[in-house]
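Here is a short round of questions on one protein model. Have the sequence and the 3D view open as you read.

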Amino acid sequence: MASLTPMIRRRSTTLLVAALALGGLAACGGGGASAKKCPPKVETKTVTGGAITVCASDIKFDVDTIKAQPGPLKVTLVNGGAIYHTLKIPDANVELKTNSGKTDSATVTLSKGTHSFECAVPGHAAAGMKGKIVVG
Ligand SMILES: [Cu+2]
């Protein structure tokens, strides 16, 4: 039965790797006290219930375009990254500011049309931390 040994050994290695991978996933999704993770980035989020959450990580937001109805809009910024980020909406004169693992929110009322938002940390908008809010 000596010829079975290599196969058994290989299977053991595979199981070990699988267990490590599962362990890694659990650690990511487990939601430790300060471990907020952003969901995968999407092109568009449509506001429901007058509130939208945007997650910032290093170095992007989790959405490009937010579609909203006219009226008050509560914007919440979640920082799922390791460094400081903001979400600035110049048209509303609002800037949400978050350190790693923190959230900030404000309610804005934007006119119909397209409004930009961006992270105001130098270099971040240029690196892609920007998007738009389309109201109408
Ligand atoms: Cu930033």
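Q: What is the mean pLDDT of the protein?
A: This is a predicted model: local features need pLDDT of at least 70, side-chain atom pairs count only at pLDDT 80 or more, and totals for chains, interfaces and linings use all residues. Residues are numbered from 1 along each chain as its sequence is written. pLDDT is the predictor's confidence in each residue, from 0 to 100. Of the residues, 74% reach 70 or more, and the mean is 84.

Q: Is C119 buried or exposed?
A: Buried takes 20 or more other C-beta atoms within 10 Å of the residue's own, exposed 12 or fewer, with C-beta atoms placed from the backbone. C119 has 28 such neighbours, so C119 is buried.

Q: Where is C119 found?
A: Strands are DSSP runs of E, at least two residues, numbered from the N terminus. β9 covers 113-118 and β10 covers 130-135. C119 is in the loop between β9 and β10.

Q: Which residues does C119 touch beyond four places in sequence?
A: Contact means C-beta atoms, placed from the backbone, within 7 Å. A56 has C119 among its contacts, along with L77 and L87. The full list for C119 is A56, H85, T86, L87, H124, A125 and M129.

Q: Which strands stand at the edges of the open sheet?
A: Strands pair if DSSP finds at least two bridges between them. The order is β3-β2-β5-β8, with mixed pairing. Two strands each have a single partner, so one side of each lacks a neighbour in the sheet: β3 and β8.

Notes:
Helices (H or I, at least four residues) and strands (E, at least two) are DSSP runs, numbered from the N terminus. Two residues are in contact if their C-beta atoms, placed from the backbone, lie within 7 Å.
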